[in-house]
Amino acid sequence: MAEPLRVPPSAGLRQHHDSPTETAMTSDLKDWKQTAIYAEVDSGAQAGRPGFAEAKHLLDSCMNRIQAVLQQGGTAATDFTLHDAQHGYHVAERMVEIVPEDVLSRLTAFELALLLLSAYLHDIGMTPEQHRVRGHYRYLLTGEPSGLAATEIDRFRQWLDEHGDGVTPPLAESPPTGRTLGEAEWLVAHYCRERHNDWSGEWIEANLAGERLGTYQNWRDNLIAICKSHHVGFDELDHPRFDPIMVGAGHVVHLRYLASVLRLADVLENDPERTPEVVLRQRDVDSSSLIYWRKDHDITTTKIGDQYRLEAHPRSALIHKATRDTAAMIEAELLVCRRLANETDFSRLRGSSTEMPHRWNLSATLTQRIEPLDGAYEYIDGSFRPDVRRVLRLLAGVELYGDPMAAVRELLQNAFDAVRERIARERLSDPGNPDLPDMLGKLYSVQLHLERGTDGDWLVCKDRGAGMSKSIIRDHFLVSGAVKRADLLQLARRCEQADFRLERTARFGIGVLSFFMVADRLHIRTRRCQSAQSGEANGWRFETDGLSGFGELKRDPDCLEGTEVRLLLKPEVIGTDASAFWDRLLSYVRSVLLHVPCKLQIKCPSISEASWSVDAPGWVRKPGDYATQCLTVLESPEERPSGRGDLPEQLGDLTPSERLTQWQGERDRRTRLREAAHERLRWSQPVTGDLPGGLGRFRVFFPWFELDDGPCLDFFSVRKDGSTRVLETEGLSDRSTHGVSPWCPFVMGWFGMTADHDADSLKEHRWRGVIEVDWTAAAAAGLEVSRNRLQPSEQALKAIRDLYKNLAGQLSEFARSHQASIYALYNTASLDIEPPAAERRFWLYEYETERQFNWRAVSYPSILSGRAIFDHGQLRWQGYDYPSLCTIELSMAMPSTGHL
């Protein structure tokens, strides 16, 4: 039986002990003919018992070859304890110890032959063919098939998905380092161990194909089933295919009994000869496997009557832990075998009164005595262990997510992921059709609504996505932080081969736990879509009462493809005003969604007429949705001033009535200015595209203002007075500020959901346009567990800088294409590009006598009497500071050519 996949580093373990003898190498190597089982077969053949001559002939014909491969094959991974011919010998001897003496003498020749063959062959896959080992190793390093069949590559990739911590071939795109080679060796060794059960069956098929066992036609298939059975559980062994069968004239072959004997003998085989000290010194055994070489030297397992006893005196706590694990495995096998004996009755054919000799006498319990050698340590469970209930509550709490509404985001993210998966699976049938994603996105929708019932308010999310199978619910949905599903990683590779991306987050993570920030109860109905080929003919219904509850799963034949999640909201979440809650929910969803894969509808007619929908897959927001945010410098508090501290300094000496009048006038002027800015605000046509390296997608657009005398990138309130264009500054707090420059956000999303970012290079940058980026690759950014914040990678930051260049190019093209505007010089100067022709250069002049600012054509020659600045300073009004553009304060000297 193979060791667990990983163990902690073996601190304190030496590479060898100074033992006085080398037990394994000083004892004689045991030959298969020395086993008690072969002696029984040989004796029966000499006595002329039926079938024994045929069994002896088979063993004599093939056992020497089997023993040679195990002893001299040389391909077994050096990290693992020996699975050689001596291991087979000791398993065979344990079998004789397990089977009662009177039962052993009554087993048929065919049963004895299968026992001896399975003792040696059950782990022969641990010594695989050299070409197989080399092929996997080369594929892992280079990504080239190296003689491996496509099915074997798919199997290897699936194993890497589940156990390889994100490893993707090729590991070495340049000359490999020692670390890379070591990682490849480790992965291939553990993959071979994972596959050895199947490879043992393949070896039997390939190498024993011409052998005969009397009239026993299916002996190879039955042998393979017995060999593989030492890695299956009770339910598999209880299957009718392991029932006793009759072969020829009264020969019984009790497959279930033979399988039980093999699995127990295998786990009991912990003889020190399996881990010889002299061999250990020759091998570079990984520290994670070293304790399994050490522990067998400290264990003694004996059979006393009908009970096994394990005694050990480990030299370290780590070996003590490995010994306890071994004892637990032995006891688990004893329990399985005892249960099989009780529930299937080894001594009788199923459905018959015929009695057979097969009997199981062993107790289901293992007597244990495990004590430190000479008090070398005090044993405790020295591993870190979570308080599961408390950790779950922390992961489902506001402390992690910051806002209970984050549960709605996770609910929608799971629904969108399911739709993305279904769309991807169906696109594979016609990957070249560019219209298919949009068509499917309109077909498979997501709905979010609130239902009011007698038991409370239910938040319901329905999607027509891929749905969940029983195994997905059990192994992923209910497992916090579960590894990415192997089927999704495989699907992602198929999508890439078809030249499109899956764009699914690929895991439930801990997001499902967030549901219990807002809900006391969770109900799910789901059915896997047909394109996923789950093989399930029905859907499923799962219900649970929160983190402390125990969920119940039932078949649901009436469930449609997709998933419906129902959350019974906590009373304190919805509050006393359900309409206010719904408005808050709508506002939150609109703020968090950036890009969707399908139609979305949110409504609750029983509470509010307010609803929201996205009618097609794609970018969610309209440019106009950013209008208020872009003109935030013109927003003002609505509260009336109540005291001196609420008033600008220049109003401090006025009476209360005068202060109120002054405040109202300023507010009204600000309102008119804001309304005028919004009325004149226009947006460029959004430019969309995909980011390089499959990082994600982007959309870029910018605001501009359609003023009377032409387009301008910033807003000025200008009135015509005859032929004069007078700048109006009412509504702005000081006379050095004459216009408003819109503030445009940079918006990041992660698979369609917005997230804050920590990129310092972005915080200090002022954008003249809106840039939306939806990252859809792990290489783009690191995401906090709460999914609230992103840390862009260097690759992502480079892509962002390129987007800024894209925006700058759009702005420059805009300025050049509007040379007739009297604001053309202002537009080009603000972008630091070539100014318009001299006859189209207008600028702002201040007339000292009138204290008035006018736009007029630049005349030549001029002398510089002031300064032209684009300084993003502060606008102070009503005691509040607002970011604004301090426009020009100058009489201007303009050269005949060149830039400002």
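What is the volume of the second largest pocket? The answer is about 700 Å³. Keep in mind that this is a predicted model, with a pLDDT that averages 82 over the protein. Besides the pocket, there are two open sheets to look at, one of eight strands and one of three.

**How far to trust the model**

- In this protein, 80% of the residues score a pLDDT of at least 70.
- Residues 1-27 are a weak spot, with pLDDT below 50. In the model this stretch still has 61 contacts beyond near neighbours in sequence.
- Residues 863-900 are another such stretch, where pLDDT stays under 50. Here the model has 117 contacts beyond four places in sequence.
- Where pLDDT is low, the predicted coordinates should not be read in detail.

**The second largest pocket**

- The lining of this pocket is made up of 28 residues. Closest to the centre sit R427, P437, E503, H595 and R697.
- Sorted by class, the lining comes out as 13 nonpolar, eight charged and seven polar residues.
- Which element gives the most to the lining? That's helix 18, with four residues.
- Several other elements supply at least two residues each: helix 19 (436-443), strand 12 (595-596), strand 15 (618-619), strand 17 (687-690) and strand 18 (696-701).

**The eight-strand sheet**

- Reading across this open sheet, the strand order is 10-9-8-11-7-6-13-14, and the pairing is mixed.
- Strand 10 (552-556) and strand 14 (608-614) are the edge strands, each pairing on one side only.
- On average, neighbouring strands in this sheet are turned by 15 degrees against each other, ignoring direction.
- Towards the strand 14 edge, strand 13 (residues 600-604) runs antiparallel to strand 14, and four bridges join the two. If you want a pair to find on screen, I602 has W612 in strand 14 as its bridge partner.
- Helix 18 (residues 406-427), already met at the pocket, also packs on this sheet. Helix 18 touches strand 6 (446-453), strand 7 (456-463), strand 11 (562-569) and strand 13, and its direction makes about 25 degrees with that of strand 7.
- Helix 23 (residues 578-592) packs on the sheet as well, touching strand 6, strand 7, strand 11, strand 13 and strand 14. The direction of helix 23 makes about 15 degrees with that of strand 14.
- Strand 8 (residues 519-527) pairs with strand 11 in the antiparallel sense, over eight bridges. One pair to look for is T526 with its bridge partner T563 in strand 11.
- Strand 8 is also joined to strand 9 (residues 539-544), again antiparallel, by five bridges. Here I524 has F542 in strand 9 as its bridge partner.

**The three-strand sheet**

- This open sheet has the order 3-4-5, with mixed pairing.
- Why is one side of strand 3 and of strand 5 left without a neighbour in the sheet? Strand 3 and strand 5 (366-370) stand at the edges with a single partner strand each, so one side of each has no neighbour there.
- Neighbouring strands are turned by 15 degrees against each other on average in this sheet, direction ignored.
- Strand 3 (residues 299-304) and strand 4 (residues 307-312) run antiparallel and are joined by six bridges. In strand 4, Q307 is the bridge partner of I304, while Y308 is the bridge partner of K303.
- Strand 3 and strand 4 make a hairpin, with two residues between them. In the turn, G305 has a positive phi of about 65 degrees.

**Backbone details in the loops**

- P169 and P170 are joined by a cis peptide bond, with omega at about 0 degrees. You'll find P170 in the loop between helix 8 (150-163) and helix 9 (178-207).
- S146 isn't a glycine, yet it has a positive phi of about 50 degrees. Look for S146 in the loop between helix 7 (130-142) and helix 8.

Technical notes:
Residues numbered from 1 in each chain as written. Predicted model: local features only at pLDDT ≥ 70, side-chain atom pairs only at ≥ 80, totals over all residues. Heavy atoms only, no water. Pairing = 2+ DSSP bridges. Axes fitted to C-alpha atoms, helices over the stretch in contact; angles between N-to-C directions. Contact = heavy atoms within 4.5 Å. pLDDT = per-residue confidence, 0-100. 1 Å grid on protein atoms, 1.4 Å probe; cavity = no way out; pocket = protein on both sides within 12 Å on 5 of 7 lines; lining within 4 Å. Points joined across faces, edges and corners; volume = space filled by probe spheres on them. Nonpolar A, V, L, I, M, F, W, Y, C, P; charged D, E, K, R; others polar.
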